Amino acid sequence: MTLHAALSRNFDHSLLRNIIIVTAASLLITLSAKVSIPFYPVPMTMQTFVVIGLGLALGPRMGLAAVALYLAQGALGLPVFTGTPEKGIGWAYMMGPTGGYLLGFLIAVYVSGMLAERGWDRNIFTAFAVAVIGTAILMLPGVLWLGVLFGWDKPILEWGLYPFILGGFAKAALAAAVFPAAWRFLKARGLG
């Protein structure tokens, strides 16, 4: 069971309600892409935290729908991605250096949601593991895409992996604090 399922047990599961939730979640991804937090060695956004968090909170299907809607908004030319519209919009942006990471969002949200359905978001250690696994899954197509785009003779890992490791662990620690705490909160109120 996910947080969404626990919270909505007594509510109507209408299509309109789910569309509103998925749309709001896609807007949350956009917001998280636009906020830059000073960090070492590079500034970070909370985008990967939100993507993995949506999997944990909404589950694999609704989380996937939210990320797919976010990507569709970007493909249509809406400035939803980090650095847009300055760095381009639409398909041109999506086929650029960050394209593999965007694809990774789909896989990471789905896997994170599947693990949440199995209860991995309920304690600190497994929630941390989900966030680390989700981040690794997200990074893999990103790094592979950089290699295809620029060539494997370039410092692909220095560009697309190493600068983000510390931030990934920081966001995993945040997920390990937030999601088990949310479950404890729900359990204390008889909802979990």
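In this predicted model, a positive phi of about 75° turns up at Gly190, just after helix H9. The helix that comes before this glycine is a good place to start looking around.

H9 runs over residues 162–188. With its 27 residues, H9 stretches 40 Å from first C-alpha to last, close to the 39 Å expected at 1.5 Å a residue. Plenty of H9 is tucked away: Pro163, Gly167, Gly168, Lys171, Ala172, Ala175, Ala176, Phe179, Pro180, Trp183 and Leu186 are buried. Why might buried positions in a helix come three or four places apart? An α-helix has 3.6 residues a turn, so residues with that spacing point the same way. The buried residues of H9 pack against helices H1, H3, H7 and H8.

Ala188 also belongs to H9, but this alanine counts as exposed because its relative accessible area is 62%, over the 50% cut-off. Between Ala188 and Leu103 there are 38 Å in space, C-alpha to C-alpha, and the two sit 85 residues apart in sequence.

H9 also has a hand in the largest pocket, which has a volume of about 830 Å³. Of the 32 residues lining this pocket, Thr45, Thr82, Thr98, Tyr101 and Phe164 come closest to its centre. Helices H3, H5, H6, H7, H8 and H9 each chip in at least two lining residues, and H9 gives the most, with five. As for chemistry, the lining splits into 19 nonpolar, eleven polar and two charged residues.

Conventions: Residues are numbered from 1 along each chain as its sequence is written. This is a predicted model: local features need pLDDT of at least 70, side-chain atom pairs count only at pLDDT 80 or more; totals for chains, interfaces and linings use all residues. Side-chain values use heavy atoms; hydrogens and water are left out. On a 1 Å grid over the protein atoms alone, a cavity is a set of points where a 1.4 Å probe fits but cannot get out, and a pocket is an open set with protein on both sides within 12 Å along at least five of seven lines; lining residues have an atom within 4 Å of a point. Grid points are joined across faces, edges and corners, and a volume is the space filled by probe spheres set on the points. Helices (H or I, at least four residues) and strands (E, at least two) are DSSP runs, numbered from the N terminus. Ala, Val, Leu, Ile, Met, Phe, Trp, Tyr, Cys and Pro count as nonpolar, Asp, Glu, Lys and Arg as charged, and the others, Gly among them, as polar. Buried means under 20% relative accessible area, exposed over 50%, partly exposed in between (1.4 Å probe, protein chains only). The expected span of a helix is 1.5 Å times one less than its number of residues. Contact means heavy atoms within 4.5 Å.
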